[in-house]
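User: Hi, could you walk me through this protein in plain words? I am new to reading structures.

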Amino acid sequence: MNITTATTTVTTGTELPRQHGDPPSGPVGSMVEHAVRYAGERHWDVFPGAWLEIEGGVPRCSCGAANCEAPGAHPTRPDWAAQATGSATAVRRMWADRPHASVLLPTGRTFDAIEVSETTGCLALARMERMELTLGPITGTPDGRMFFFVLPGGAAKVADLVRGLGWSPSGVDMTARGDGDWVAAPPTRAGTRGSVLWVRQPTAANRWLPDAEEIIQPLAYACGRDAAAARGH
(Lines give C-alpha, C1' and ligand atoms only; values in the text may rest on other atoms or scores of the structure.)
Protein backbone atom coordinates (compact mmCIF):
# COMPACT_ATOMS: atom_id res chain seq x y z
CA MET A 1 0.00 0.00 0.00
CA ASN A 2 1.54 3.26 -1.07
CA ILE A 3 0.50 6.12 1.17
CA THR A 4 2.28 8.56 -1.11
CA THR A 5 4.29 8.76 -4.24
CA ALA A 6 7.84 9.86 -3.61
CA THR A 7 7.65 13.63 -3.25
CA THR A 8 11.12 14.25 -1.90
CA THR A 9 14.45 13.25 -3.36
CA VAL A 10 17.46 13.93 -1.17
CA THR A 11 20.90 12.96 -2.37
CA THR A 12 23.63 12.95 0.25
CA GLY A 13 26.80 11.12 1.10
CA THR A 14 25.06 9.24 3.92
CA GLU A 15 26.41 5.71 4.22
CA LEU A 16 24.26 2.88 5.47
CA PRO A 17 25.49 1.47 8.76
CA ARG A 18 26.76 -2.10 8.50
CA GLN A 19 26.22 -4.82 11.04
CA HIS A 20 29.35 -6.02 12.80
CA GLY A 21 30.82 -8.94 10.91
CA ASP A 22 29.15 -8.13 7.57
CA PRO A 23 31.27 -8.77 4.49
CA PRO A 24 32.69 -5.57 2.97
CA SER A 25 30.60 -6.00 -0.16
CA GLY A 26 28.94 -8.53 -2.44
CA PRO A 27 26.79 -11.59 -1.77
CA VAL A 28 28.01 -14.55 0.24
CA GLY A 29 26.99 -18.10 -0.60
CA SER A 30 24.43 -19.24 -3.12
CA MET A 31 21.08 -17.54 -3.47
CA VAL A 32 19.14 -20.71 -2.70
CA GLU A 33 20.94 -21.17 0.62
CA HIS A 34 19.91 -17.68 1.68
CA ALA A 35 16.34 -18.40 0.62
CA VAL A 36 16.31 -21.70 2.55
CA ARG A 37 17.68 -19.95 5.62
CA TYR A 38 14.96 -17.29 5.54
CA ALA A 39 12.28 -19.96 5.22
CA GLY A 40 13.74 -22.27 7.86
CA GLU A 41 15.06 -19.85 10.47
CA ARG A 42 12.58 -16.96 10.16
CA HIS A 43 9.58 -18.83 8.75
CA TRP A 44 9.33 -16.28 5.96
CA ASP A 45 7.79 -17.25 2.65
CA VAL A 46 10.17 -16.68 -0.27
CA PHE A 47 9.99 -16.83 -4.05
CA PRO A 48 12.52 -16.43 -6.88
CA GLY A 49 12.60 -13.30 -8.98
CA ALA A 50 14.58 -11.99 -11.92
CA TRP A 51 18.37 -11.81 -11.99
CA LEU A 52 21.14 -9.97 -13.80
CA GLU A 53 22.78 -11.46 -16.90
CA ILE A 54 25.88 -10.19 -18.68
CA GLU A 55 25.45 -9.62 -22.41
CA GLY A 56 28.41 -8.20 -24.27
CA GLY A 57 29.92 -7.07 -21.00
CA VAL A 58 26.75 -5.19 -20.08
CA PRO A 59 24.53 -6.35 -17.18
CA ARG A 60 20.89 -6.74 -18.16
CA CYS A 61 17.80 -8.01 -16.39
CA SER A 62 16.83 -11.59 -17.17
CA CYS A 63 13.32 -10.37 -18.03
CA GLY A 64 14.72 -8.97 -21.28
CA ALA A 65 13.10 -5.55 -20.97
CA ALA A 66 15.51 -2.83 -22.06
CA ASN A 67 13.80 -0.31 -19.79
CA CYS A 68 13.34 -2.60 -16.78
CA GLU A 69 12.64 -0.42 -13.72
CA ALA A 70 14.04 -2.95 -11.22
CA PRO A 71 16.73 -4.91 -13.07
CA GLY A 72 17.51 -8.19 -11.37
CA ALA A 73 15.06 -7.73 -8.51
CA HIS A 74 11.38 -8.15 -9.37
CA PRO A 75 8.82 -10.97 -9.73
CA THR A 76 8.82 -12.84 -13.02
CA ARG A 77 5.33 -14.33 -12.81
CA PRO A 78 1.92 -12.75 -12.24
CA ASP A 79 1.10 -15.53 -9.76
CA TRP A 80 4.17 -14.89 -7.61
CA ALA A 81 2.04 -14.65 -4.46
CA ALA A 82 0.83 -18.21 -4.94
CA GLN A 83 4.37 -19.33 -5.75
CA ALA A 84 5.83 -18.01 -2.48
CA THR A 85 6.53 -20.78 0.00
CA GLY A 86 8.13 -21.51 3.36
CA SER A 87 9.04 -25.10 2.44
CA ALA A 88 12.78 -25.68 2.12
CA THR A 89 12.16 -28.53 -0.30
CA ALA A 90 10.00 -26.34 -2.53
CA VAL A 91 12.53 -23.52 -2.31
CA ARG A 92 15.35 -25.74 -3.52
CA ARG A 93 13.17 -27.01 -6.35
CA MET A 94 12.28 -23.48 -7.51
CA TRP A 95 15.90 -22.33 -7.55
CA ALA A 96 17.21 -25.54 -9.21
CA ASP A 97 16.79 -24.21 -12.75
CA ARG A 98 17.47 -20.55 -11.88
CA PRO A 99 20.35 -20.54 -9.37
CA HIS A 100 21.01 -16.81 -9.78
CA ALA A 101 17.41 -15.75 -9.18
CA SER A 102 16.87 -12.93 -6.71
CA VAL A 103 15.36 -13.73 -3.31
CA LEU A 104 12.04 -11.95 -2.85
CA LEU A 105 9.83 -11.91 0.27
CA PRO A 106 6.07 -11.30 0.15
CA THR A 107 4.84 -8.70 2.63
CA GLY A 108 1.52 -8.92 4.44
CA ARG A 109 2.16 -12.43 5.75
CA THR A 110 4.75 -12.67 8.52
CA PHE A 111 5.75 -9.01 8.27
CA ASP A 112 4.98 -5.69 6.58
CA ALA A 113 7.61 -3.13 5.66
CA ILE A 114 7.83 0.66 5.84
CA GLU A 115 10.02 2.09 3.09
CA VAL A 116 11.79 5.45 3.36
CA SER A 117 14.82 7.09 1.78
CA GLU A 118 18.26 6.16 3.04
CA THR A 119 18.78 9.65 4.45
CA THR A 120 15.50 9.49 6.34
CA GLY A 121 16.12 5.93 7.48
CA CYS A 122 19.55 6.64 8.92
CA LEU A 123 18.27 9.69 10.79
CA ALA A 124 15.25 7.77 12.11
CA LEU A 125 17.34 4.74 13.08
CA ALA A 126 19.72 6.86 15.15
CA ARG A 127 16.73 8.41 16.92
CA MET A 128 15.13 5.00 17.52
CA GLU A 129 18.33 3.66 19.05
CA ARG A 130 18.54 6.65 21.40
CA MET A 131 14.93 5.98 22.38
CA GLU A 132 15.84 2.30 22.93
CA LEU A 133 12.94 1.15 20.77
CA THR A 134 12.51 -2.49 19.85
CA LEU A 135 13.43 -2.86 16.20
CA GLY A 136 13.03 -5.60 13.65
CA PRO A 137 15.26 -6.38 10.68
CA ILE A 138 16.04 -3.48 8.34
CA THR A 139 17.31 -3.70 4.77
CA GLY A 140 19.05 -1.14 2.60
CA THR A 141 19.06 -1.11 -1.20
CA PRO A 142 21.74 0.23 -3.54
CA ASP A 143 19.32 2.83 -4.93
CA GLY A 144 19.13 4.53 -1.53
CA ARG A 145 16.03 3.06 0.15
CA MET A 146 15.58 1.47 3.57
CA PHE A 147 12.90 -1.00 4.66
CA PHE A 148 11.85 -1.34 8.31
CA PHE A 149 10.14 -4.67 9.05
CA VAL A 150 7.04 -4.44 11.26
CA LEU A 151 4.19 -6.71 12.31
CA PRO A 152 1.77 -7.72 9.53
CA GLY A 153 -1.18 -5.35 9.33
CA GLY A 154 1.02 -2.34 10.03
CA ALA A 155 0.99 -1.10 6.44
CA ALA A 156 -2.76 -0.50 6.54
CA LYS A 157 -2.36 1.79 9.57
CA VAL A 158 0.54 3.93 8.37
CA ALA A 159 -1.45 6.69 6.64
CA ASP A 160 -3.68 7.28 9.68
CA LEU A 161 -0.71 7.14 12.03
CA VAL A 162 1.13 9.77 9.99
CA ARG A 163 -1.97 12.02 9.98
CA GLY A 164 -2.28 11.57 13.73
CA LEU A 165 1.22 12.97 14.15
CA GLY A 166 0.27 16.10 12.21
CA TRP A 167 1.87 15.19 8.88
CA SER A 168 0.14 14.86 5.54
CA PRO A 169 0.71 11.39 4.02
CA SER A 170 1.09 13.07 0.63
CA GLY A 171 3.85 15.30 1.99
CA VAL A 172 6.29 12.62 3.14
CA ASP A 173 8.38 10.14 1.18
CA MET A 174 7.14 6.98 2.86
CA THR A 175 5.70 3.80 1.36
CA ALA A 176 3.89 1.09 3.32
CA ARG A 177 4.26 -2.41 1.89
CA GLY A 178 1.67 -4.92 3.01
CA ASP A 179 -0.61 -7.56 1.53
CA GLY A 180 0.00 -8.07 -2.19
CA ASP A 181 3.47 -6.49 -2.18
CA TRP A 182 7.03 -7.73 -1.71
CA VAL A 183 10.58 -6.71 -0.82
CA ALA A 184 13.96 -7.92 -2.09
CA ALA A 185 16.09 -9.74 0.47
CA PRO A 186 19.88 -9.76 0.81
CA PRO A 187 22.03 -10.63 -1.04
CA THR A 188 19.84 -9.90 -4.08
CA ARG A 189 21.72 -7.79 -6.60
CA ALA A 190 19.50 -4.85 -7.56
CA GLY A 191 20.66 -3.15 -10.74
CA THR A 192 24.29 -2.32 -11.39
CA ARG A 193 24.95 -0.40 -8.15
CA GLY A 194 25.24 -3.35 -5.80
CA SER A 195 23.30 -5.72 -3.59
CA VAL A 196 20.58 -5.38 -1.01
CA LEU A 197 22.14 -5.58 2.47
CA TRP A 198 21.05 -5.93 6.06
CA VAL A 199 21.27 -2.70 8.02
CA ARG A 200 20.01 -4.71 10.99
CA GLN A 201 20.27 -8.45 10.49
CA PRO A 202 17.56 -10.93 11.49
CA THR A 203 18.56 -12.35 14.87
CA ALA A 204 16.93 -14.17 17.75
CA ALA A 205 16.70 -10.82 19.53
CA ASN A 206 14.51 -9.23 16.86
CA ARG A 207 12.35 -12.23 16.02
CA TRP A 208 9.42 -10.37 17.61
CA LEU A 209 8.70 -7.44 15.35
CA PRO A 210 7.52 -3.99 16.45
CA ASP A 211 4.11 -2.68 15.51
CA ALA A 212 4.14 0.14 12.97
CA GLU A 213 2.89 2.62 15.58
CA GLU A 214 5.95 1.93 17.75
CA ILE A 215 8.37 3.32 15.16
CA ILE A 216 6.22 5.67 13.08
CA GLN A 217 6.99 8.81 15.11
CA PRO A 218 10.75 8.90 14.45
CA LEU A 219 10.16 7.84 10.84
CA ALA A 220 7.59 10.59 10.23
CA TYR A 221 9.79 13.16 11.97
CA ALA A 222 12.77 12.24 9.79
CA CYS A 223 10.62 12.30 6.64
CA GLY A 224 9.29 15.73 7.54
CA ARG A 225 12.75 17.06 8.27
CA ASP A 226 14.07 15.81 4.92
CA ALA A 227 11.06 17.25 3.10
CA ALA A 228 11.66 20.64 4.70
CA ALA A 229 15.37 20.49 3.82
CA ALA A 230 14.52 19.68 0.20
CA ARG A 231 12.27 22.75 0.07
CA GLY A 232 15.07 24.87 1.52
CA HIS A 233 13.24 25.59 4.79
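Analyst: We can go through this structure topic by topic, keeping in mind that it is a predicted model.

User: Okay, how many helices and strands does the protein have?

Analyst: The secondary structure comes to six helices and ten strands.

User: And how much of the protein counts as buried?

Analyst: Of its 233 residues, 48% count as buried. The protein exposes about 11400 Å², and carbon and sulfur atoms supply 51% of that area. As for the contacts with a separation of 6 or more, 82% of them come from residues that are 24 or more positions apart.

User: Can we look at one helix? Which residues of H1 are buried?

Analyst: Helix H1 covers residues 31-41, and its buried residues are Met31, Val32, His34, Ala35, Val36, Tyr38 and Ala39. A general point helps in reading such a list: an α-helix has 3.6 residues a turn, so residues three or four places apart point the same way.

User: What covers those buried residues of H1?

Analyst: The cover includes helix H3 (88-95), together with E4 and E10. After H1 comes His43, whose phi is positive, near 60 degrees.

User: Switching to aromatic rings, how many aromatic pairs are there?

Analyst: The count comes to eight aromatic pairs. In one of them, the rings of Tyr38 and Trp44 have centres 5.7 Å apart and planes at 40 degrees, so this pair is tilted. Both Tyr38 and Trp44 are buried.

User: What about Phe149 and Trp198, what kind of pair is that?

Analyst: The ring centres of Phe149 and Trp198 lie 5.9 Å apart with the planes at 70 degrees, and therefore the pair is edge-to-face. This pair links distant parts of the chain, with Phe149 in strand E7 (residues 145-150) and Trp198 in strand E10 (residues 197-200), 49 residues apart.

User: Are those two buried or exposed?

Analyst: Phe149 counts as buried because its relative accessibility is 1%, and Trp198 counts as buried at 9%. Ring pairs also link these two residues with Tyr38, Trp44 and Phe111 into a cluster.

User: Which ring does the charged end of Arg127 sit over?

Analyst: The charged end of Arg127 sits over the ring of Tyr221, at 4.4 Å from the ring centre.

User: Now the strands. In what order do E1, E4 and E9 form their open sheet?

Analyst: The three strands are arranged in the order E1-E4-E9, with antiparallel pairing. Strand E1 (47-48) and strand E9 (182-184) are the edge strands, each pairing on one side only. In general, strands of a sheet pair through backbone hydrogen bonds, either parallel or antiparallel.

User: How many bridges join E4 to E9?

Analyst: Three bridges join strand E4 (residues 103-106) to E9, and the two run antiparallel. As an example, Pro106 has Trp182 in E9 as its bridge partner.

User: Last topic: how many disulfides turn up in the whole structure?

Analyst: The search of the whole structure finds zero disulfides.

User: Why is there no bond from Cys61 to the closest cysteine sulfur?

Analyst: The closest cysteine sulfur to that of Cys61 belongs to Cys63, and there is no bond because the 3.5 Å between them is too far. For Cys68, the closest cysteine sulfur is in Cys61, at 3.8 Å, which is also too far for a bond.

User: And how accessible are Cys61 and Cys68?

Analyst: Cys61 has 6% relative accessibility and so counts as buried, whereas Cys68, at 21%, counts as partly exposed. The cut-off matters for Cys68, because buried means under 20% relative accessible area.

How values were computed:
Residues are numbered from 1 along each chain as its sequence is written. This is a predicted model: local features need pLDDT of at least 70, side-chain atom pairs count only at pLDDT 80 or more; totals for chains, interfaces and linings use all residues. Side-chain values use heavy atoms; hydrogens and water are left out. Rings of Phe, Tyr and Trp (its six-membered ring) pair if their centres lie within 6.5 Å; planes under 30 degrees apart count as stacked, over 60 as edge-to-face and the rest as tilted. Buried means under 20% relative accessible area, exposed over 50%, partly exposed in between (1.4 Å probe, protein chains only). Helices (H or I, at least four residues) and strands (E, at least two) are DSSP runs, numbered from the N terminus. A charge sits over a ring if NZ of Lys or CZ of Arg is within 6 Å of the ring centre and within 35 degrees of the ring normal. Two strands pair if DSSP finds at least two bridges between them. A disulfide is a pair of cysteine sulfur atoms within 2.5 Å. Contact means heavy atoms within 4.5 Å. Accessible areas come from the Shrake-Rupley method with a 1.4 Å probe; for residues, only the protein chains shown count as cover.
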